[in-house]
Amino acid sequence: MNKRTLWVNPAQCTGCGTCVEICPVNAITLVDGHARIAEEVCTGCGACVTSCPEHAIQEVIEARIIPLPERPAPAVYQPGPLMRQVATTVAVVGTGVLVKLLQSGARLLGQWLTSSHAPTISSLTQGTPGGMRGSGRQLRMRRRGH
Ligand code: SF4
Ligand code: SF4
């Protein structure tokens, strides 16, 4: 426990000397007509505070920071066996669904490519002179009349 700290308000002290007389350890002296307390001598008994007729001696309350008690580190979440099982099941099922979707997409793409909507070799050669078939060199030679 800290010792009380006292302060003499010079605006209120009249220098009557009452506190000087009552202090049991002679910690108070009059300087320039005002009481002055020697902190190193004062025991903080408070006798001068109650004896001053002018209420010129006041206690100084010092604020201090009180450290918080040590707190344990926050616990790291560890999933239990049930949650691990659920996570594994979700991963397996999700992977299976993804594979099924990819297979369906590949099948649809194959069907579309083999359907009549997709361009064929014959449709690509349509519009060539005389509906000719053959390689590009053969087509050019035929066009020139060879
Ligand atoms: S008793 Fe009060 S007014 Fe008188 S000298 Fe002491 S502090 Fe000042
Ligand atoms: S608190 Fe007690 S010891 Fe300190 S100055 Fe006042 S009378 Fe003296």
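# A guided tour of the predicted model

From the N terminus on, the elements of the protein follow the order β-α-β-β-α-β-α-α-α. The model is a predicted one. Colour the chain by secondary structure to begin: the display should show 5 helices and 4 strands. The protein has 146 residues, and buried residues make up 16% of them. Consider next the contacts in the protein with a separation of 6 or more: residues 24 or more positions apart account for 56% of these.

**First stop: the nonpolar core**

Select I28, I37 and I57. Which set do these residues belong to? They are members of the largest nonpolar core, which has 14 residues, and these three touch the most other members. Now add the strands β1 (5-8) and β3 (34-37), each of which supplies at least two residues of this core. In soluble globular proteins, nonpolar side chains tend to be buried together.

Centre the view on I28 and set aside its neighbours within four places in sequence. The contacts of I28 are then C19, V20, C23, A35, R36, I37 and C48.

**Second stop: the surroundings of ligand 1**

Select ligand 1 and display the residues around it. They are C13, T14, G15, C16, G17, T18, C19, A35, C52, P53, E54 and I57. How is this shell divided by class? It holds 7 nonpolar, 4 polar and 1 charged residues. I57, already visited in the core, is also one of the residues around ligand 1. C19 and A35 appear here as well, and both are in contact with I28.

Several cysteines stand in this shell, including C13, C16, C19 and C52. The number of disulfides in the structure is nevertheless 0.

Are C13 and C19 buried or exposed? The cut-off for buried is under 20% relative accessible area. C13 has a relative accessibility of 13% and therefore counts as buried. C19 also counts as buried, because its relative accessibility is 9%.

**Third stop: N9**

Move to N9, which lies in the loop between β1 and α1 (18-22). N9 is buried, since its relative accessible area is 15%. Show the side chain of Q12 beside it: a polar contact of 3.0 Å joins the side chains of N9 and Q12.

Finally, which residues does N9 contact when its neighbours within four places in sequence are left aside? Select A56 and Q58 to display them. With these two residues shown around N9, the tour is complete.

How values were computed: Residues numbered from 1 in each chain as written. Chains lettered and ligands numbered in written order. Predicted model: local features only at pLDDT ≥ 70, side-chain atom pairs only at ≥ 80, totals over all residues. Heavy atoms only, no water. Near = heavy atom within 4 Å. Nonpolar A, V, L, I, M, F, W, Y, C, P; charged D, E, K, R; others polar. Disulfide = S-S within 2.5 Å. Buried < 20%, exposed > 50% of the residue type's maximum accessible area, 1.4 Å probe, protein only. Core = buried A, V, L, I, M, F, W, Y, C linked by side-chain atoms within 4.5 Å. Contact = heavy atoms within 4.5 Å. Polar contact = N/O pair within 3.5 Å; in protein donor to acceptor, adjacent residues only side chain to side chain.
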